[in-house]
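Please look at the sequence and the structure below before reading on. The text that follows walks through the sheets, a helix and the contact between the chains.

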Amino acid sequence: MNGAQHILQAFHHHNIETVFGYPGGCIMPLYDALVDDVSVEHVLCRHEQGCALAADGYARASGKLGVCIATSGPGATNLITGVANAYQDSIPMLVITGQVPSALIGTDAFQETDVLGMTLGIVKHSYLAESADELPGILEEAIELAQSGRPGPVWIDIPKDVLLAETSAAPAYAPAQPKATRPELTCAIAMLRDARKPLLYSGGGISLAHAEDSFREFAKCSELPAVVTLKGIGNAGKHSAHNLGMLGMHGSRAANRAVDECDLLLVIGARMDDRATGKLDGFAPNAKTIHIDADASEFNKLRNADIAIRGDLNTILKELTQAIRDTPLAINDWRKQCQTWRTTGGFQAADNEEPLAPITGPAFISQLSRTAPDDTIIACDVGQHQMWVAQHYQFDRPRHHLTSGGLGTMGFGLPAAIGAQFANRNSTVINVTGDGSFMMNAQELATIRRYNLPVKLIIMDNQCLGMVRQQQELFYNNRESHINLDDNPDFVAMARAFDIPALKIDRTDQVRRGIETILAYNGPMLLHVAIAREENVWPIVKPGGSNKEMIDETRRTAADKKEKIA
Amino acid sequence: MTTESNCETPSYDITCRMSHEAAALERLCQVVRVRGFRIAQMVVDSADGTLNIALTIQGKRPVAMLQSQLEKLHTVAEVKLAAPVVAAASRIA
């Protein structure tokens with residue numbers, strides 16, 4: 001068995017059934033082995049970035065390992081953005097690239113790049129396989145490592161001669177044993193009981209740890225008022241009575257107010273990213289912090305924790321639930337206060353009653369949320385539409401909301417939707433995108449067509465880079481700089497060129513029917529939604545500002561009027 | 001290019017033991033740089049597939065943050081931090 005065949009054997013051993021890749025010179029031995037192995041489904045994307053992002057979407061939607069494959073040189077460098085995206089959001093991913101033959105490494109050979117060197121900062125770990133004998137062990141270790149603890153991408157770069165060399169070596173890798181339970185948990189429970197205004201703050205770590213059910217049980221038992229990060233949306237479920245929604249730059253007033261007033265933050269599976277905290281000095285100024293995470297390096301990184309607990313979130317959440325199950329927390333006044341804020345400062349379903357009025361982003365997303373089936377997976381891109389989805393779509397599960405949180409990768413949504421559809425063949429999968437983001441990976445329409453994936457595509461087209469335009473308007477004296485996209489192609493014609501049916505809407509009275517039409521269609525379909533160029537995402541916190549200083553449309557309009565009068 | 005470090009910049013001595021895999025030292029140095037520290041001195045010994053590295057680093061950020069990031073590297077077996085000292089003005093080429 002040669003090195004390439006060992007890779008496929010490792011796939012079988014770990015139940016890896018779907019991989020995303022693009023062939024080329026140095027990875028050809030693996031593609032040759034794939035000819036004889038029909039049990040691994042190889043999805044041919046149209047760009048290596050599409051492969052990596054599709055593998056990312058597959059992993060996010062399924063909770064399984066995402067796998068992408070490319071050749072050396074440009075194949076590997078094209079993967080980089082997708083791998084960085086997975087790294088920033090801690091997505092379990094195995095990356096396999098071909099490398100020039102061992103003897104040619106360092107000679108500036110055709111399609112040679114120092115992939116190991118250039119990717120050090122975007123992987124959990126990486127390997128250069130120097131012999132076929134070590135490859136089986138590397139594969140075992142890499143697959144385990146990508147999924148254990150805090151997940152992340154692991155990259156194996158394999159010279160062509162190693163792929164071709166015969167070996168009988170067997171995998172030899174003993175995974176580390178999980179660490180014992182922490183005594184800090186008792187202190188955390190005492191601190192939780194002492195608090196008068198405790199707040200539950202959860203992030204993407206909940207779903208990464210497969211701890212959704214444990215989290216919900218704890219949230220239900222504790223009845224703690226709760227906020228979520230962008231990646232934590234869906235943690236609490238859409239019917240949670242205590243969820244105040246997303247905090248941070250585009251978070252709800254209710255969530256940011258609760259963070260500002262709480263006296264204890266119970267942070268679980270979140271890393272206190274700057275988009276969530278705003279200016280650190282003003283973040284939860286009166287609160288002690290309990291920080292629970294799988295990764296100890298997140299403790300005290302941006303905010304000092306009074307108690308830090310590292311471990312498996314599932315186990316810890318179950319222990320927390322057990323500890324408070326029989327003695328409820330005495331925080332009724334605080335709960336009532338948060339409920340009031342939720343009523344007055346939560347995200348409300350947006351509607352526009354004027355049938356001929358232009359379509360607004362929030363109203364469109366609210367309608368989509370009401371119309372789409374419960375198991376719908378939304379893969380967003382990056383920009384205003386991403387925030388409207390986060391604010392106005394009611395997600396019941398975190399794995400139903402695929403969003404590029406850490407890296408903010410425009411072009412993520414379409415390939416991620418492809419990956420999600422492969423992971424959930426019978427679910428409705430919708431890529432909600434903007435006109436800027438869509439054009440970043442539009443070549444993947446060909447992948448949708450090739451595999452006849454029933455992915456629905458919704459382009460919210462404001463003919464510009466809306467989030468950049470919004471910040472230029474608000475924070476750069478309205479000096480617009482290179483955000484104009486009014487020469488976009490005809491998206492309907494473009495979709496049809498890929499044999500994907502499409503339709504365009506631009507009035508409020510067309511929204512419901514447009515959504516129902518694409519959802520009912522038995523196959524891929526694109527909905528081009530024209531929205532106003534000037535529309536903004538509200539509220540917003542100025543980058544680097546405190547979450548207390550939220551700007552909303554009303555306040556801005558008042559400020560404008562005052563300025564004009566002056 | 002020659003730059004002068006801030007005389008108030010704390011200096012730390014760190015020892016690190018890690019497996020001698022491809023790009024091991026690059027990985028270590030990259031983490032030190034990205035997490036806000038500069039390497040002032042570095043001594044490396046290699047034996048039996050293991051690298052023993054003694055580093056003197058300078059930086060204003062909490063060194064515990066760097067330590068936890070280094071400990072997180074898969075190939076790092078141990079990171080030890082000596083007591084911090086404030087660096088005298090030094091020139092780093």
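In this predicted model, strand 1 of chain A, residues 18–21, pairs with strand 2 of chain A in the parallel sense, over four bridges. Within that pairing, Gly21(A) has Leu44(A) in strand 2 of chain A as its bridge partner. Helix 2 of chain A, residues 28–35, joins these two strands in a right-handed β-α-β unit. Strand 1 of chain A also pairs with strand 3 of chain A, residues 66–70, again in the parallel sense but over two bridges. Here Gly21(A) stands opposite Ile69(A) in strand 3 of chain A.

These strands belong to an open sheet of six strands in chain A, with the order 2-1-3-4-6-5 and parallel pairing. Which strands form the edges? They are strand 2 (41–44) and strand 5 (125–128) of chain A, each of which pairs on one side only. From one strand to the next, the twist averages 20 degrees. Further along the order, strand 4 of chain A (residues 93–99) and strand 6 of chain A (residues 153–159) run parallel and are joined by seven bridges. In that pair, Leu94(A) lies opposite Val154(A) of strand 6 of chain A. In a regular strand, side chains alternate between the two faces of the sheet.

Chain A holds another open sheet of six strands with parallel pairing, in the order 14-13-15-16-18-17. Strand 14 (401–402) and strand 17 of chain A stand at its edges with a single partner strand each, so one side of each has no neighbour in the sheet. Strand 13 of chain A (residues 377–380) is paired with strand 15 of chain A (residues 429–434) through four bridges in the parallel sense. One of the residues involved is Ile378(A), whose bridge partner in strand 15 of chain A is Ile430(A). Helix 17 of chain A, residues 413–423, lies across strand 13, strand 14 and strand 15 of chain A, and runs at about 175 degrees to strand 15 of chain A.

Helix 22 of chain A, residues 511–520, can be described by its two sides. Its buried residues are Val511(A), Gly514(A), Ile515(A) and Ile518(A). Why do the buried residues line one face of the helix? Viewed down the axis of helix 22 of chain A, they fall within an arc of 95 degrees, so they line one face. The cover over these buried residues includes helix 15 (361–371), strand 16 (456–461), strand 17 (502–505) and strand 18 (525–530) of chain A. Arg513(A) and Ala520(A), on the other side of helix 22 of chain A, are exposed.

Thr517(A) also lies in helix 22 of chain A. A residue counts as buried with 20 or more other C-beta atoms within 10 Å of its own, and as exposed with 12 or fewer. Thr517(A) has 15 such atoms within 10 Å, so it is partly exposed. The C-alpha atom of Thr517(A) is separated by 55 Å from that of Leu104(A), and these two residues are 413 residues apart along the chain.

Chain B has two helices and seven strands. Along the sequence they follow the pattern β-β-α-β-β-α-β-β-β. Of the 93 residues in chain B, 22% are buried. Among the contacts in chain B with a separation of 6 or more, 73% are between residues 24 or more positions apart.

Strand 4 of chain B, residues 50–58, takes part in two antiparallel pairings described here. With strand 2 of chain B (residues 10–19), strand 4 of chain B pairs over nine bridges in the antiparallel sense, and Cys16(B) stands opposite Ile53(B). Strand 3 of chain B (residues 38–47) is joined to strand 4 of chain B by nine bridges, and the two run antiparallel. In this pair Val43(B) faces Ala54(B) as its opposite residue. Strand 3 and strand 4 of chain B form a hairpin with two residues between them, and Asp48(B) in the turn has a positive phi of about 50 degrees.

The last topic is where the chains meet. The contact takes 11 residues from chain A and 12 residues from chain B. On the chain B side, helix 1 (24–34) and helix 2 (63–72) each supply at least two residues. Helix 2 of chain B gives the most to this side, with five residues. By class, the side of chain B that touches chain A has five nonpolar, four polar and three charged residues.

Notes: Residues numbered from 1 in each chain as written. Chains lettered and ligands numbered in written order. Predicted model: local features only at pLDDT ≥ 70, side-chain atom pairs only at ≥ 80, totals over all residues. Contact = placed C-beta atoms within 7 Å. Nonpolar A, V, L, I, M, F, W, Y, C, P; charged D, E, K, R; others polar. Pairing = 2+ DSSP bridges. Axes fitted to C-alpha atoms, helices over the stretch in contact; angles between N-to-C directions. Arc of directions from axis to C-beta. Right-handed = clockwise from strand over helix to strand, strands pointing away.
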